[in-house]
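User: I have a model open and would like a close look at one part of it. Could you walk me through that part and then show me how it fits with the rest?

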Amino acid sequence: MVLEVAEIKITPGQEDAFKKAYREAREFVKVSPGLRSMRMTQGVETPHRFVLLIEWDSVEAHETGFRETDRFPKWREAIGPYFSQPPLVEHFEDLD
C-alpha cells in the first residue's frame, strides 16, 4: 500500500467553489482499480490550503489505473481552475 499526498493551494476566496467541484469530481477517482480510500482535508489556519490523501494498492495503481485514463483529465478540468499553483504530489510508504 502507498499513500498519495497532494498539497493543493487554492486561489483565496475560491475555497467553497473548489469544495463543490471536488465533491462532484471525486467520482472520477473513486472508481479507479486499486484505490483503497480517499479523503480531502482543509487547513484551519490556512483555509486556501488543502491536502488530499489517497491510499492505493501501489504507485502503479495510481499512475496506470487513474492518471493514464480518460478520467484524469476530467478530474483536473473540474478542480484545476481553482489552483493557485500546481499541486505537490508525492507517494509515501508505511514504516511499520
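Which residues does Leu 52 touch, not counting residues up to four places away in sequence?

Analyst: Happy to take you through it. Please keep in mind that this is a predicted model.

Leu 52 touches Glu 4, Val 5, Ala 6, Ile 8, Tyr 22, Met 38, Arg 39, Met 40 and Trp 75, once residues up to four places away in sequence are set aside. Leu 52 itself lies in strand 3, which spans residues 49-56. With a relative accessible area of 3%, Leu 52 is buried, because anything under 20% counts as such. For a sense of spacing here, take Leu 52 and Thr 41: they are eleven residues apart along the chain, and 6.3 Å separates their C-alpha atoms.

To place those contacts, it helps to have the overall layout in mind. The protein has three helices and four strands, and along the sequence they follow the pattern β-α-β-β-α-α-β. Strand 1 covers residues 2-9, and the contacts of Leu 52 include Glu 4, Val 5, Ala 6 and Ile 8. Helix 1 covers 15-30 and strand 2 covers 35-42; Tyr 22 is one of the residues that Leu 52 touches, and so are Met 38, Arg 39 and Met 40. That leaves Trp 75 among the partners, and Trp 75 is a good bridge to helix 3.

Helix 3 runs over residues 71-79, and its buried residues are Arg 71, Phe 72, Trp 75 and Ile 79. They cover an arc of only 100° around the axis, so they sit on the same side of helix 3. These buried residues pack against helix 1, strand 2, strand 3 and helix 2. The contact between Leu 52 and Trp 75 therefore gives you one residue pair to look at where strand 3 and the buried residues of helix 3 come together.

Helix 2, residues 59-67, can be read in a similar way. There, Ala 61, His 62, Gly 65 and Phe 66 are buried. Their arc around the axis is only 110°, which puts them on the same side of helix 2. What covers them includes strand 1, helix 1, strand 3, helix 3 and strand 4, the last of these at residues 88-92. Strand 3, the home of Leu 52, is thus listed with both helices: it is packed against by the buried residues of helix 3 and is among the cover for those of helix 2.

If you follow the chain out of strand 3, you come to the loop between strand 3 and helix 2, where you will find Asp 57 and Ser 58. Asp 57 counts as partly exposed, at 41% relative accessibility, and Ser 58 counts as partly exposed too, at 21%. Leaving aside neighbours within four places in sequence, Asp 57 is in contact with Met 1, Val 2, Gly 34 and Arg 36. Two spans may help you orient the loop: from Asp 57 to Glu 24 is 24 Å, C-alpha to C-alpha, and from Ser 58 to Lys 74 the C-alpha separation is 22 Å.

Another loop, between helix 3 and strand 4, holds Phe 83. Phe 83 is buried, with a relative accessible area of 13%. Not counting residues up to four places away in sequence, Phe 83 touches Ile 8, Lys 9, Ile 10, Thr 11, Phe 18 and Arg 76. Ile 8 links back to your starting point, as it is also one of the residues that Leu 52 touches.

Stepping back to the whole protein, 33% of the 96 residues count as buried. Among contacts between residues at least 6 apart in sequence, 69% join residues at least 24 apart; the contact of Leu 52 with Glu 4 is one pair you can check by eye. With 96 residues, a compact globule would have a radius of gyration near 12 Å, and the 13 Å of this protein agrees with that. Its C-alpha atoms fill a box of roughly 35 × 35 × 20 Å along the principal axes. The accessible surface comes to about 5900 Å², with 49% belonging to carbon and sulfur atoms.

Notes: Residues numbered from 1 in each chain as written. Predicted model: local features only at pLDDT ≥ 70, side-chain atom pairs only at ≥ 80, totals over all residues. Heavy atoms only, no water. Helix = DSSP H or I, 4+ residues; strand = E, 2+ residues; numbered from the N terminus. Rg over C-alpha atoms; globule rule 2.2 N^0.38 Å. Buried < 20%, exposed > 50% of the residue type's maximum accessible area, 1.4 Å probe, protein only. Contact = heavy atoms within 4.5 Å. Areas by Shrake-Rupley, 256 points an atom, 1.4 Å probe, with all protein chains shown as cover. Arc of directions from axis to C-beta.
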